[in-house]
Amino acid sequence: YGLGLHFDKFAEIELIGHSGGYPGFVSQTRHWLGTDYVISFFINANDSASLSATRSIVSILDFTAKHLS
């Protein structure tokens with residue numbers, strides 16, 4: 001077992017976090033740097049769709065913050 005952090009940058013948004021899993025389960029946690037947002041997913045699946053889901057949620061939050069504030 002090892003603890004590692006993932007650094008992810010897309011659309012000028014920086015995320016840091018960790019993922020894991022067990023057969024049949026995938027987890028993903030990301031902190032959106034520069035904000036108070038932390039997004040976690042726990043999915044019953046064998047694939048890593050959780051990173052795509054995390055990016056989608058961050059994109060929605062980013063759009064909302066820019067256009068509704």
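Start with the whole protein chain selected: buried residues make up 23% of its 69 residues. The model is a predicted one. Its secondary structure comes to one helix and four strands, in the order β-β-β-β-α along the sequence. Turn the C-alpha trace to its principal axes, and the spans are about 40 × 20 × 20 Å.

With the chain still selected, show the surface. The accessible area is about 4,900 Å², and carbon and sulfur atoms hold 59% of that area. Next colour the charged side chains: there are 4 positive and 6 negative ones, and the centres of the two sets lie 3 Å apart. As for contacts with a separation of 6 or more, 18% are between residues 24 or more positions apart.

Now go to the loop between strand E1 (6–10) and E2, and select Ala11. Its phi is near 50°, a positive value in a residue other than glycine. Ala11 counts as exposed because its relative accessibility is 62%, and the cut-off for exposed is over 50%. Then pick Glu12, which lies in the loop between E1 and E2. Glu12 is not a glycine either, and its phi is positive, near 65°. With a relative accessible area of 69%, Glu12 is exposed.

Move on to strand E2 (residues 13–22) and show its partner E3: the two pair in the antiparallel sense, over eight bridges. Select Gly17 to find Arg30 of E3 opposite. Follow the chain into the hairpin that E2 and E3 form, where two residues separate the strands. Gly24 is in this turn and has a positive phi of about 95°.

Select strand E3 (residues 25–32) by itself and display the side chains. Which of them point to the buried face? The side chains alternate along the strand, and Val26, Gln28, Arg30 and Trp32 are the buried set on one face. Phe25, Ser27, Thr29 and His31 point to the other face and are not buried. Arg30, met above as the residue opposite Gly17, thus belongs to the buried set.

Last, add strand E4 (residues 38–43), which pairs with E3 in the antiparallel sense over six bridges. Centre on Ser27: Phe42 in E4 stands opposite. Between E3 and E4 the hairpin has five residues, and Gly34 there takes a positive phi near 85°. E3 therefore has E2 as an antiparallel partner and E4 as another, under the rule that two strands pair if there are at least two bridges between them.

Technical notes. Residues are numbered from 1 along each chain as its sequence is written. This is a predicted model: local features need pLDDT of at least 70, side-chain atom pairs count only at pLDDT 80 or more; totals for chains, interfaces and linings use all residues. Side-chain values use heavy atoms; hydrogens and water are left out. Buried means under 20% relative accessible area, exposed over 50%, partly exposed in between (1.4 Å probe, protein chains only). Contact means heavy atoms within 4.5 Å. Accessible areas come from the Shrake-Rupley method with a 1.4 Å probe; for residues, only the protein chains shown count as cover. Lys and Arg count as positive and Asp and Glu as negative; His and the chain ends are not counted. The place of a charge is taken as NZ of Lys, CZ of Arg, CG of Asp or CD of Glu.
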